[in-house]
Amino acid sequence: MSGAARIAAGILTDPARPVGFRFDGRAFAGLAGDTLASALLANGQRLIARSFKYHRPRGIVTAGPEEPSALVDVLTASGREPNQLATTLPLCEGLCAVSQNRWPSLHYDLLAFNDRLARFLPAGFYYKTFMWPARAWERLYEPLIRRAAGLGKLVPRIGAAAAPAETVHHHADVLVVGAGAAGLTAANLLGRCGLRVLLADQDAVLGGGTLLDEGWTAWRQQTGDALAASPSVRILTRSTVVGAYGHGVFGALETLAAPTSSSGLRERLHVIRVRRVLFATGAEERLIALAGNDVPGVMLAGAAHSYLRRYGVAVGCRPAFFVNNDEAYAALFALAAAGISPVAVIDVRAESLAAARARALGMRVYARCLVSAVLGRSSVRAVRITALDGAPLQTVRADSLLLSGGFSPRAALPVQLGGHLGWQERLAAFVPELTPRAGVMAGSARGVAGLAAAARDGAVAAAQIARELGRECEPHAAPPETDLAATPLAALWEVPGPGRAFVDLQNDVTTADVRLACREGYAHLEHMKRYTTHGMATDQGRIGGLLGSAVLAQARGQTLAEVGALRPRPFAQPVPFAALAGSEVGAHFKPQRRLPLHDWHAAHGASFVSTGLWLRPLVYAQEGGWEPVLREARAVRQGVGVTDVSTLGKIDVQGADAVRFLDVVYANTFSTLAVGRARYGIMLREDGMLFDDGTTARLAAEHFLVTTTTANAAAVLEHLEFHRQSTCAQLDVTLTDVADQWAQFAIAGPRARELLARIVDADVANAAFPFMAAGAVRAAGVAARLFRISFSGELAFELAVPAHCARTVWEALQSAGRTLGLLPYGLDALNTLRIEKGHVTGAELNGNTSAHDLGFGRMLKPQGDFIGRTLSARPALQSGERLQLVGVRPLDRARRLRNGMHLLASSGASEGYVTSSTPSTELPGWLGLALLSGGRARIGTRLTARSELHGEEVAVEILSPHMLDPENVRVRA
Amino acid sequence: MSAPESAPLAPPAVQLAHCAADIVQLSPRRGAHAELQRFASGHALALPPCGRVARATAGLVLAVRPERWLLLAPAAEAGASAAYWQELTRPCALAVDLSGAFTLLYLAGAGARALLTRGCRLDLDPQQFAPGCAAATVIAQVPVTLAAVAHGLLLVTPASTARHLQEWLSISARPSGLDRRADVTVHTLSGDATR
């Protein structure tokens with residue numbers, strides 16, 4: 001630790017509002033407006049973290065989201081959140097942060113032993129080391145490596161009702177990314193000409209680089225006020241645009257609540273759709289690779305400037321400067337003005353205008369010199385200065401080293417839009433180039449140096465965009481002319497010499513690692529990245545990415561322009577999964593479709609099951625087991641039961657050609673169906689496989705009601721609509737989805753007719769309303785539709801009523817059935833009943849079965865075309881060896897069946913499997929349906945059914961699938 | 001410039017009301033589009049183009065699909081409206097009762113549009129989605145037909161997912177919350193529409 005370092009009033013901090021916080025258990029005090037990093041620096045805390053691989057001491061290097069080292073865990077009421085950037089984490093009362101990747105403590109980290117072994121742990125060492133024995137990979141090496149990998153520790157404690165994030169959709173004419181001199185100017189001009197503007201900036205305050213120059217205070221205030229007052233401009237602060245997806249779609253992540261907050265929103269994901277985009281994203285200062293460039297106290301010069309201006313914090317009392325450009329001198333002059341004089345200024349150039357100004361202020365400038373090494377382990381002690389030719393000059397005691405290797409335009413977003421990175425020698429940087437249609441660049445994001453020049457460039461960009469959108473920008477107040485003449489930079493990437501020089505602080509990648517990758521054949525930049533991990537993880541190598549390219553270029557003997565830069569992809573900064581999920585978490589992960597009678601079912605003790613999006617009553621009991629299910633099913637077999645089948649798909653088909661259409665989409669014939677009758681139908685896919693089944697009723701000559709299975713309701717509607725609009729476009733037919741319009745109840749059992757007669761106004765005797773009849777009735781005073789169809793194998797009716805009248809009719813049924821022993825039954829009982837009868841559902845109608853497989857071959861009409869006809873005639877689909885529907889029953893009636901049991905031949909080979917099973921309501925023991933190879937020819941034989949999952953095996957007999965009332969006497973009763 | 005607070009976008013309180021209505025889908029028979037238009041005009045029923053909501057004598061007419069109109073009228077006996085329209089338009093159109101298929105929610109208040117931006121991908125700026133506009137969209141993963149009326153927004157959503165949508169609206173309206181109001185009638189909406 002060094003001494004306290006708050007030396008001035010920061011423009012963002014409030015000295016009247018102290019804020020208490022803890023770091024690694026120690027109590028500290030900061031100021032409102034601080035970040036965790038600025039508050040720690042103000043308290044003299046240099047050591048913040050341990051590095052990823054070697055566990056080297058690390059401090060704070062930057063003042064923004066590009067930070068590679070100062071990552072911490074934050075302890076909150078909702079858990080432990082890892083990898084929070086100290087440089088952007090707003091300080092709040094009670095903030096509790098702990099350092100990462102060390103054991104047992106930050107100061108005494110035993111795993112720092114890795115650093116002693118560094119020569120044995122070069123890039124790619126795992127690939128070469130953990131080769132054998134092969135079986136140790138999964139059992140030993142992988143668990144060990146996974147345990148050692150990663151930085152922080154995620155311990156979520158998310159409450160059931162938590163909604164930590166939300167999504168907001170925006171539309172605008174122009175998105176301006178970045179609120180520095182260029183972005184503010186452009187947004188102001190575009191807003192003034194009436195365009196809808198969205199201005200997004202990652203910082204908590206507007207201003208970008210202008211915040212660091214007092215001469216811009218008035219302009220920034222005036223421009224910000226104008227923007228805030230503009231009705232057509234929307235400002236998003238703390239909002240980083242993280243992805244550019246083309247066609248004017250962008251994603252931005254806004255950080256909201258203080259991390260100590262146990263409730264409320266933490267993040268907001270903005271989905272932005274615009275006509276044009278302006279990137280005024282600025283440029284990032286670069287690191288220089290030199291021995292010891294990771295020692296706490298080594299910081300980018302611009303970051304030191306930020307800490308001073310924004311928070312009044314000096315990063316050291318005796319800083320040394322090592323630069324290759326004039327812009328970095330701004331930090332030097334600002335610190336000097338605040339009373340912090342540099343111990344040495346080392347400039348790689350022979351002479352420069354900024355160096356001359358420094359000398360005029362009495363500073364010692366070492367021209368044509370380098371810093372060849374930083375001395376110190378947990379903190380900078382001194383820097384070693386050498387001449388350009390490597391000759392040692394002097395070792396200077398210093399408590400910090402402020403570096404600047406030049407500036408690279410922020411290119412992530414333009415590159416995501418397909419932008420080309422063009423090398424500019426004068427900047428020693430790649431500059432993104434976009435077609436105007438894709439986006440416009442302004443300010444230092446396209447290599448323009450100086451705040452005033454950036455503001456002017458923003459105005460030009462705004463005028464261009466406005467013209468493209470049919471507007472004219474009005475002239476506006478000129479920015480302050482503060483730009484000084486500057487000497488061009490001299491490119492400097494690496495200072496050669498002994499010791500480890502890092503190009504990627506977050507992943508502990510050194511210049512030697514890059515050269516090793518090249519020697520071992522990973523000479524392409526993207527291969528080198530993956531071999532060394534250079535440029536990966538939270539910072540994406542933003543301050544050192546180009547250093548890696550430069551070292552690789554030197555190793556390959558090529559220019560940097562030939563090697564190129566790492567290609568960024570979304571996201572430009574880490575995005576929590578919670579932000580992507582938004583409010584669609586927990587119970588709202590997906591929509592739930594509720595039956596019109598959901599509340600009645602719930603009030604009567606139903607346990608619900610999700611089938612697709614629907615919540616259906618499974619059984620009217622909270623206890624498990626088969627007893628309540630069988631009680632409901634037996635009520636149907638012996639008396640009467642009623643179940644809610646409103647989830648069935650229902651499609652209203654009308655038109656003069658409705659029947660012709662049905663003859664095309666169904667594999668069986670409907671043109672012979674009389675008005676007032678219903679028919680069971682099967683539908684094939686175009687490939688000839690069975691698609692869906694259901695009943696279709698002819699309500700009038702040109703009016704049909706098609707029902708589908710619950711699972712396939714949407715797919716069948718889509719299938720029919722597709723054919724209506726394509727293969728049957730000439731037909732007069734209209735399809736309407738009426739699934740939600742009609743609530744439907746199945747009333748089944750020998751006393752079903754007796755019950756129904758009590759609430760409907762029609763004659764439901766067998767003669768008047770025979771099996772498969774359909775017609776309009778009034779039930780409990782409500783206009784309804786009645787169908788004599790059965791899915792249970794019993795005498796049954798289905799009564800359909802408008803959904804908003806469902807409760808009236810259902811309660812009338814319950815009331816009328818009380819003396820008949822009526823029970824409501826759920827999905828489990830429905831399944832029991834249909835399995836006994838041999839009716840198929842999704843388990844058998846699974847997309848891989850044909851009509852022949854399930855015994856529907858005779859339903860395929862011999863004459864006339866229908867969807868799937870040609871391919872259903874494929875010889876392979878006629879094969880008797882295909883899996884065919886059969887019934888199964890254990891020989892030992894005390895043994896049970898399980899869905900998924902394999903049916904084994906004597907050789908032990910699987911010849912099929914059980915698709916559905918249930919204890920029987922009438923026969924002793926269990927029954928099941930199965931798909932068995934050549935099944936129909938094997939009825940009467942015996943096989944073994946085995947479940948490997950349950951370790952169970954049972955001998956079974958193969959039966960006809962129609963195990964109950966095969967003559968259909970009951971349904972026709 | 002001082003640091004703006006991380007101001008939640010939470011809008012002012014939004015009023016939510018249910019609207020009971022008869023809903024009839026009207027669609028022309030094949031090739032009878034012009035005939036239906038003429039017929040409707042003759043019965044003081046202006047069938048709006050796709051993407052519009054219009055006031056009708058009986059209530060509102062919504063159009064978000066080619067050749068499909070939803071007629072919204074005050075609630076009457078189940079099926080009565082559909083039967084009426086079917087009888088009236090039989091030669092040229094088909095009428096289907098969808099009164100039970102949909103739930104109508106009416107959102108009003110200064111924050112109504114801002115609330116919907118949390119889940120609706122449409123541009124809901126009043127200049128872009130002005131009274132009289134209608135669109136089919138998805139909000140909170142469920143289909144919604146959205147119509148702008150003078151003092152609010154009408155959300156037409158399948159009855160089975162209406163509760164999910166309401167729950168989503170309640171969550172998204174935090175912290176201001178939803179102010180549940182008494183049910184409104186189609187007359188309330190049609191009086192507002194397209195003024």
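What distance separates the centres of domain 1 of chain B and domain 2 of chain B, taken over C-alpha atoms? In this predicted model, the two centres lie 23 Å apart. Domain 1 of chain B comprises 14-18 + 102-192, and domain 2 covers 21-97. The points below address the contact between these domains and then a helix of chain A.

**Domain contact in chain B**

- Domain 1 of chain B contributes 14 residues to the contact, and domain 2 of chain B contributes 14 residues.
- On the side of domain 1 of chain B that touches domain 2, two or more residues each come from β7 (102-108), β8 (134-139), β9 (142-149) and α5 (186-192) of chain B.
- Helix α5(B) supplies the largest share of that side, namely four residues.
- By class, this side of domain 1 of chain B holds nine nonpolar and five polar residues, with no charged residues.

**Helix α6 of chain A**

- Helix α6 of chain A consists of 13 residues (217-229); at 1.5 Å a residue it should span 18 Å, and its end C-alpha atoms are indeed 18 Å apart, so the two values agree.
- The buried residues in α6(A) are A:W219, A:R220, A:T223, A:G224 and A:L227.
- These buried residues cover an arc of only 125° around the axis, and therefore lie on the same side of α6(A).
- An α-helix has 3.6 residues a turn, so residues three or four places apart point the same way.
- The buried residues of α6(A) pack against α5 (181-192), β10 (197-200) and β11 (233-236) of chain A.
- Exposed residues A:A218, A:D225, A:A228 and A:A229 occupy the face of α6(A) turned away from its buried side.

Notes: Residues numbered from 1 in each chain as written. Chains lettered and ligands numbered in written order. Predicted model: local features only at pLDDT ≥ 70, side-chain atom pairs only at ≥ 80, totals over all residues. Domains from an automatic or database assignment. Contact = placed C-beta atoms within 7 Å. Nonpolar A, V, L, I, M, F, W, Y, C, P; charged D, E, K, R; others polar. Expected span 1.5 Å × (residues − 1). Buried ≥ 20, exposed ≤ 12 C-beta atoms within 10 Å, placed from the backbone. Arc of directions from axis to C-beta.
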